[in-house]
Amino acid sequence: MTPDKQALREHYLAQRRLLSDTERRQADAAIREQIRRLPEYRQARLVAIYAGDGTEPDLLPLTAADPDKRFFLPRYVPSTGRYELAEVRDPATELRIGRYKLAEPVPTCPAATPTEMRDEMLFLVPGVAFDARGVRLGRGGGYYDRLLADTRGVIAGVFYAGQQAGALPEAAHDRRLDLAVTEQKVWIFHDVAARHVATL
């Protein structure tokens with residue numbers, strides 16, 4: 001972990017914590033509506049989401065809003081030291097507190113197959129910050145980079161507007177985002193350019 005990245009993480013995590021409960025609820029609802037309008041989301045049958053830590057945009061209500069889709073959440077596998085994705089049909093009964101005190105699918109939830117991971121999944125991923133090239137700054141463990149390494153699916157980062165950064169440092173193994181969704185905009189990334197394609 002480089003000092004520059006750590007300083008950036010601390011800055012943008014602090015920015016995220018500044019949102020009031022009311023601001024967060026309003027932004028979360030707007031983000032979910034932005035997501036539901038995405039052609040990539042409307043067309044997706046399998047969607048990877050996450051259970052937030054209380055400061056990240058809340059995507060779990062999507063499971064009730066769109067019951068025709070299959071939703072998958074990260075689950076830590078101690079034997080490999082990596083995460084897999086497991087299908088959750090009812091977050092109220094099929095999530096429990098796991099690694100890093102985050103909610104994870106219970107052991108009985110079926111894991112996504114390699115084919116589903118590689119070819120059929122839309123990924124909605126959290127992050128600490130993003131830039132106009134689609135570079136995502138995560139928490140530093142590299143778990144999402146490993147999880148996404150072989151996928152051909154669309155990867156959409158989910159952020160609050162205040163998490164947009166200038167040029168972020170990037171490592172060779174980092175996987176760039178295809179999209180970034182905030183409560184204000186949806187960004188589509190093309191090489192080093194980004195364009196604003198939607199707004200509430």
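This section describes a helix, the aromatic contacts, the pockets and selected loop residues of one protein model.

The model is predicted; local features require pLDDT of at least 70, side-chain atom pairs count only at pLDDT 80 or more, and totals for chains, interfaces and linings use all residues. Residues are numbered from 1 along each chain as its sequence is written, and side-chain values use heavy atoms, with hydrogens and water left out.

Helices (DSSP runs of H or I, at least four residues) and strands (E, at least two) are numbered from the N terminus. Helix α2 comprises 17 residues, 21–37. The expected span of a helix is 1.5 Å times one less than its number of residues; for α2 this gives 24 Å, and the 25 Å between its end C-alpha atoms agrees with that value. The buried residues of α2 (buried: under 20% relative accessible area; exposed: over 50%; partly exposed: in between; 1.4 Å probe, protein chains only) include Arg24, Ala27, Asp28, Ala30, Ile31, Arg32, Gln34 and Ile35. In an α-helix, residues three or four places apart point the same way because there are 3.6 residues a turn.

Aromatic pairs were assigned to rings of Phe, Tyr and Trp (its six-membered ring) with centres within 6.5 Å, the planes being stacked under 30 degrees apart, edge-to-face over 60 and tilted otherwise. The structure contains 5 such pairs. Tyr83 and Tyr143 pair edge-to-face, with 5.0 Å between centres and 75° between planes. Tyr83 belongs to strand β3 (residues 82–87) and Tyr143 to helix α7 (residues 143–147), so this pair ties together parts 60 residues apart in sequence. Tyr83 counts as buried because its relative accessibility is 16%. Ring pairs join Tyr76, Tyr83, Tyr100 and Tyr143 into a cluster.

Charges were also found over rings, a contact that requires NZ of Lys or CZ of Arg within 6 Å of the ring centre and within 35 degrees of the ring normal. The charged end of Arg99 sits over the ring of Tyr76 at 4.2 Å from its centre, and Lys69 lies over the face of Tyr41, 4.8 Å from the ring centre.

Pockets were identified on a 1 Å grid over the protein atoms alone, as open sets of points with protein on both sides within 12 Å along at least five of seven lines; lining residues have an atom within 4 Å of a point. The largest pocket has a volume of about 710 Å³. Its lining holds 33 residues, of which Arg136, Arg139, Gly141, Tyr143 and Tyr144 are the closest to the centre. Helix α7 gives the most to this lining, with 4 residues. The second largest pocket holds about 330 Å³ of space. Of its 15 lining residues, Arg82, Tyr83, Met117, Arg146 and Leu147 are the closest to the centre. Strand β3 gives the most to the lining of the second largest pocket, with 4 residues, while β3, α6 (114–120) and α7 each supply at least two.

Two residues of the loop between β4 (95–97) and β5, namely Tyr100 and Lys101, are notable for their backbone. Most residues other than glycine have a negative phi. Phi is positive and near 60° in Tyr100, and about 60° in Lys101, which is not a glycine. Lys101 counts as exposed, at 73% relative accessibility. In the loop between α7 and β9 (155–158), Thr151 is buried, with a relative accessible area of 7%. The C-alpha atoms of Thr151 and Leu122 are 9.5 Å apart, across 29 residues along the chain.

Conventions. On a 1 Å grid over the protein atoms alone, a cavity is a set of points where a 1.4 Å probe fits but cannot get out, and a pocket is an open set with protein on both sides within 12 Å along at least five of seven lines; lining residues have an atom within 4 Å of a point. Grid points are joined across faces, edges and corners, and a volume is the space filled by probe spheres set on the points.
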